[in-house]
Amino acid sequence: MNDLDLNTLLGAEDDEGRARRRTRGSGKRGGGRRRRRRRNRGGFIAPLLAFVVLAGIIGGGGYYGYLWLSDALVPDDYTGQGSGEVVVEIKDGQSASDVAVELERLGVVASVKAFTNAIGNANKSGSLQPGSYKLRKRMSAAQAVSMLGPENRLLAKVTIKEGLRLSDTLNTLAKATGKPVKEFAAAAKDVGALDLPPYARKNLEGYAFPATYEFQPKTTPTQMLAAMVKRFNQTAETMDLPGSAKALGHTPHEIMVIASIVQAEAGRPEDMPKIARVIYNRLERKPPMKLSMDSTVMYALGKYRTYATHAELQTKSRYNTYMYEGLPPGPIANPGDHAIEAALNPAKGPWLFFVATDPNGGGVTEFATTEAERQALLAKCAKNGGCGG
């Protein structure tokens, strides 16, 4: 390779070439500046045009972007209180978002976002309580939130009075809840689902605790009866029923039988400890004395009176305490706190008899130790229109 070829490859220039360019350029310096100014003007205009076009695009789309943002930030919502009727159930563990989805599905609120915004603004996101609520369709989210308070839950309020027999308890529950009584009767027989204490002998009588209950529309008869048994178990634990019964020389079941008789025979709570003492005194006599309680005979016959006739006393039922010694096989009613407490803490005294001497008045019960005293009380009862008189 010769020197010329090497210089060409390396981009080298000879002196003559450089001289020619200097000669051409030395006479046209002004033209070069003008060309540079034209190039500069062209370089400025192009970005300016690009900016104008971009601004037009942004300006033209800004309106639609605003609408999109408005839809995102202000969700669909109905106005007013709505119409019609919808029952909504909030299940245990559901969040406000879960409830919002259900409300939108049912047509109560216009959108999930509207409800979650409304409940957040009301600071109630964590206060929703399980239960059934009656709402309306197409109502504002804020109105829906206001109707989901605990005071608006759909509940069946049932008061089970002390001393009701199980059959009457089931009828009361059916009437208050609108559910068929046969469903309650079937549930009462399925004692395995009720968590009865072992000493209950697989019989709900005596263990459906009397109190006021609130049940949701979807609560089943089994769940209702189980709630009553649970309430009994709580009372039994508070009173230490097994331990206290053992101290008295009885089983917990026997105490419940005694308490049920006390409940059925007493007209006033203050008389219960004395009635319990009469029962214990008769059981502990040597030889034992029959209880001779009219209430147990009435239970056997499915009747309701404070005294039994001579014919009724002939029933062969084991609940006839005029015929058989000792306690009947099971409770004859569902006793409350006072009666159970009286059975566990009987009054001290020698009484063997008691008579409701004012059956049509305040339920006053008087007590006697001898047969002569008893006969005097019976005469007083008859004079006041009771005891078959």
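A residue counts as buried when its relative accessible area is under 20%. That cut-off serves for the stops below, all of them in a predicted model.

**First stop: Tyr213 and Phe215**

Select Phe215, whose relative accessible area of 5% makes it buried. Add Tyr213, which at 9% relative accessibility is buried as well. Show both side chains and look along the ring planes. The ring centres lie 5.8 Å apart and the planes meet at 5°, so this pair is stacked.

**Second stop: Phe354 and Phe367**

Move on to Phe354 and Phe367, an aromatic pair in a tilted arrangement, with 6.2 Å from centre to centre and 50° between the planes. Colouring by secondary structure shows where the two rings come from: Phe354 belongs to strand S5 (residues 353-356) and Phe367 to strand S6 (residues 365-368). The pair thus joins distant parts of the chain, 13 residues apart. Phe354 has 14% relative accessibility and counts as buried; Phe367, at 18%, is buried too.

**Third stop: further rings**

Select Tyr199, Tyr207 and Phe232 together; ring pairs connect these residues into a cluster. In total, the model holds six aromatic pairs.

Two rings have a charged partner. Display Arg165 with Tyr304: Arg165 lies over the face of the tyrosine, 4.1 Å from the ring centre. Then display Arg318 with Tyr324, where the charged end of the arginine sits over the ring at 4.4 Å from its centre.

**Fourth stop: helices H11 and H13**

Two packed helices are described by the angle between their axes and the distance between the axes. Select residues 252-265 for H11 and residues 294-301 for H13; the two helices pack at an angle of about 95°, and their axes are 9 Å apart. H11 is therefore roughly perpendicular to H13. To see the contact itself, show Ile261, Ala264 and Glu265 on H11, together with Asp294, Ser295 and Thr296 on H13. Sorted by class, this contact comprises two nonpolar, two polar and two charged residues.

**Last stop: the surroundings of H13**

Keep H13 selected and switch on a surface. Is this helix mostly covered or mostly open? H13 is mostly covered, with six of its eight residues buried. The buried residues are Asp294, Ser295, Thr296, Val297, Met298 and Tyr299. H11 is among the elements that cover them. Finally, step just past the end of H13 to Gly302, where the backbone adopts a positive phi of about 70°.

Technical notes
Residues are numbered from 1 along each chain as its sequence is written. This is a predicted model: local features need pLDDT of at least 70, side-chain atom pairs count only at pLDDT 80 or more; totals for chains, interfaces and linings use all residues. Side-chain values use heavy atoms; hydrogens and water are left out. Axes are lines fitted to C-alpha atoms, for helices over the stretch in contact, and angles run from 0 to 180 degrees between N-to-C directions. Helices (H or I, at least four residues) and strands (E, at least two) are DSSP runs, numbered from the N terminus. Angles under 35 degrees count as roughly parallel, over 145 as roughly antiparallel, 65 to 115 as roughly perpendicular and the rest as oblique. Contact means heavy atoms within 4.5 Å. Ala, Val, Leu, Ile, Met, Phe, Trp, Tyr, Cys and Pro count as nonpolar, Asp, Glu, Lys and Arg as charged, and the others, Gly among them, as polar. Rings of Phe, Tyr and Trp (its six-membered ring) pair if their centres lie within 6.5 Å; planes under 30 degrees apart count as stacked, over 60 as edge-to-face and the rest as tilted. Buried means under 20% relative accessible area, exposed over 50%, partly exposed in between (1.4 Å probe, protein chains only). A charge sits over a ring if NZ of Lys or CZ of Arg is within 6 Å of the ring centre and within 35 degrees of the ring normal.
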